[in-house]
Amino acid sequence: MIYVNIIDPIVSLFSPEIQETLTKLSIWSILLRLFLTLLLAGAIGLERQVKRHTAGFRTYILMCLASSTGMMVNQFIIETFSLSDTGIGGMVILGVAILGSGTMLVTSRNRIKGLTTAAGLWASAVMGLAIGAGAYTLSIGACIIILICLSILPHVEDWMLLRAEFFDIHIEFLDRSKMKDFIDFCREVGLKVTSVEHNPAYLNSGLFVYTIALTLPKTSKFKNHKEFIETVKTFEYIHYVEEIY
């Protein structure tokens with residue numbers, strides 16, 4: 001088996017003695033990796049905590065800490081017993097997958113909740129593996145990109161979704177017979193009704209609830225989804241309506 005000695009770009013900036021200290025397991029490399037775990041995962045978790053998501057500050061730190069510690073244990077076993085690998089990294093990813101799947105659920109309005117939380121936890125865990133392996137540059141870069149994905153890209157995503165041609169709505173009728181009036185209105189203003197699905201979660205509520213897929217062509221009366229939904233909200237026979245993301 002051929003081993004290639006790869007030095008982290010940040011570590012390569014230092015003297016050979018410091019490089020060896022930061023690359024191999026030592027008191028200083030362990031403390032640095034634990035500090036990076038707290039700093040990077042804490043930054044991501046804090047961003048989630050401020051937005052009141054299920055997984056917040058402590059959850060992200062603990063997830064990343066478990067991953068980085070597992071990776072350091074993996075390195076310790078390899079260096080101590082001259083093994084090629086212990087598979088701890090794979091076990092960490094499997095554990096994160098099981099934990100992350102528990103954060104996802106489908107609501108009564110056919111929304112998938114917790115998908116971003118599960119993905120964020122998984123990304124944080126992989127970042128922890130990178131920290132534990134001593135890949136300092138990679139872990140810092142991953143943290144920056146994760147923060148961009150969680151804090152900046154949602155605004156870009158909202159802008160794009162608002163102008164997308166296809167969209168779904170959750171709509172609650174007070175009278176089932178008014179469904180035809182709503183469909184006729186959609187066609188009059190230039191929208192196309194792609195599909196209509198009844199939601200059985202509201203059977204005993206006195207409401208008639210549907211998930212409707214619509215297409216908004218450029219020739220439509222409305223410029224975007226928001227204008228259409230705000231107009232529909234004014235109809236007397238509509239109890240509630242919202243776009244499903």
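**Exercise 1. The sheet**

Task: In this predicted model, work out the order of the strands in the open sheet of 4 strands, and say which strands stand at the edges.

Solution, step by step:

1. Start with the order. The strands of the open sheet run β4-β5-β3-β6, and their pairing is antiparallel.
2. Next, look for the edges. β4 (192-198) and β6 each have a single partner strand, so one side of each is left without a neighbour in the sheet.
3. Now check the twist. On average, and with direction ignored, neighbouring strands of this sheet are turned by 25° against each other.
4. A reminder that helps with the next exercise: strands of a sheet pair through backbone hydrogen bonds, either parallel or antiparallel.

**Exercise 2. Strand β3 and its partners**

Task: Find how many bridges join β3 to β5 and how many join β3 to β6, then name some residues that face each other across these pairings.

Solution, step by step:

1. Locate the strand. β3 spans residues 166-173.
2. Turn to β5, which covers residues 208-215; 8 bridges join β5 to β3, and the two run antiparallel.
3. Pick out partners on that side. F173 has F208 as its bridge partner in β5, while E172 is matched with V209.
4. Move to the other side. β6 (residues 238-244) also runs antiparallel to β3, and 6 bridges join them.
5. Here, too, a facing residue can be named: E243 in β6 stands opposite I169.
6. Finish with the surroundings of the strand. Of the 8 residues in β3, 6 are buried, and the strand is mostly covered.

**Exercise 3. Aromatic pairs**

Task: Decide whether the pair F185 and F228 is stacked or edge-to-face, and do the same for F222 and F228.

Solution, step by step:

1. Count first. The model has 10 aromatic pairs.
2. Take F185 and F228. Their ring centres are 6.2 Å apart and their planes meet at 20°; planes under 30 degrees apart count as stacked, so this pair is stacked.
3. Place the two residues in the chain. F185 sits in helix α8 (residues 179-188) and F228 in helix α9 (residues 225-232), so their pair ties together parts that are 43 residues apart in sequence.
4. Check the cover over this pair. Both F185 and F228 are buried.
5. Take F222 and F228 next. With ring centres 5.6 Å apart and planes at 80°, the pair is edge-to-face, because an angle over 60 falls in that class.
6. Look at accessibility again. F228 has 1% relative accessibility and so counts as buried; F222 is buried as well, at a relative accessible area of 8%.
7. Widen the view. Ring pairs link a cluster whose members are F167, F173, F182, F185, Y210, F222, F228, F235 and Y237.

**Exercise 4. A nonpolar patch at the surface**

Task: Which residues make the nonpolar surface patch of about 670 Å², and which helix gives the largest share?

Solution, step by step:

1. List the members. The patch is made by I144, I148, I152, L153, V156, W159 and M160.
2. Assign helices. Both α6 (136-151) and α7 (153-162) supply at least two residues each.
3. Compare the shares. α7 gives the largest, with 4 residues.
4. Try one member by itself. I144 belongs to helix α6, and its relative accessibility of 49% makes it partly exposed.

**Exercise 5. Salt bridges**

Task: For three of the salt bridges, give the N to O distance and say whether the partners are buried or partly exposed.

Solution, step by step:

1. Begin with the total. The whole structure holds 5 salt bridges.
2. K24 and E20: the closest N and O atoms are 3.7 Å apart. K24 is partly exposed at 44% relative accessible area, and E20 is partly exposed at 48%.
3. R48 and E47: the closest N and O atoms are 2.8 Å apart. R48 has a relative accessible area of 3% and is buried; E47, at 13%, is buried too, because the cut-off for buried is under 20%.
4. D181 and K178: their side chains meet in a salt bridge at 3.7 Å, N to O. D181 is partly exposed at 36% relative accessibility, and K178 is partly exposed at 29%.

Methods: Residues numbered from 1 in each chain as written. Predicted model: local features only at pLDDT ≥ 70, side-chain atom pairs only at ≥ 80, totals over all residues. Heavy atoms only, no water. Buried < 20%, exposed > 50% of the residue type's maximum accessible area, 1.4 Å probe, protein only. Pairing = 2+ DSSP bridges. Phe/Tyr/Trp six-rings, centres within 6.5 Å; stacked < 30°, edge-to-face > 60°. Patch = residues over 30% accessible without salt bridge, like charges linked within 9 Å, V, L, I, M, F, W, Y side chains within 5 Å. Areas by Shrake-Rupley, 256 points an atom, 1.4 Å probe, with all protein chains shown as cover. Salt bridge = Lys/Arg side-chain N within 4 Å of Asp/Glu carboxyl O. Axes fitted to C-alpha atoms, helices over the stretch in contact; angles between N-to-C directions.
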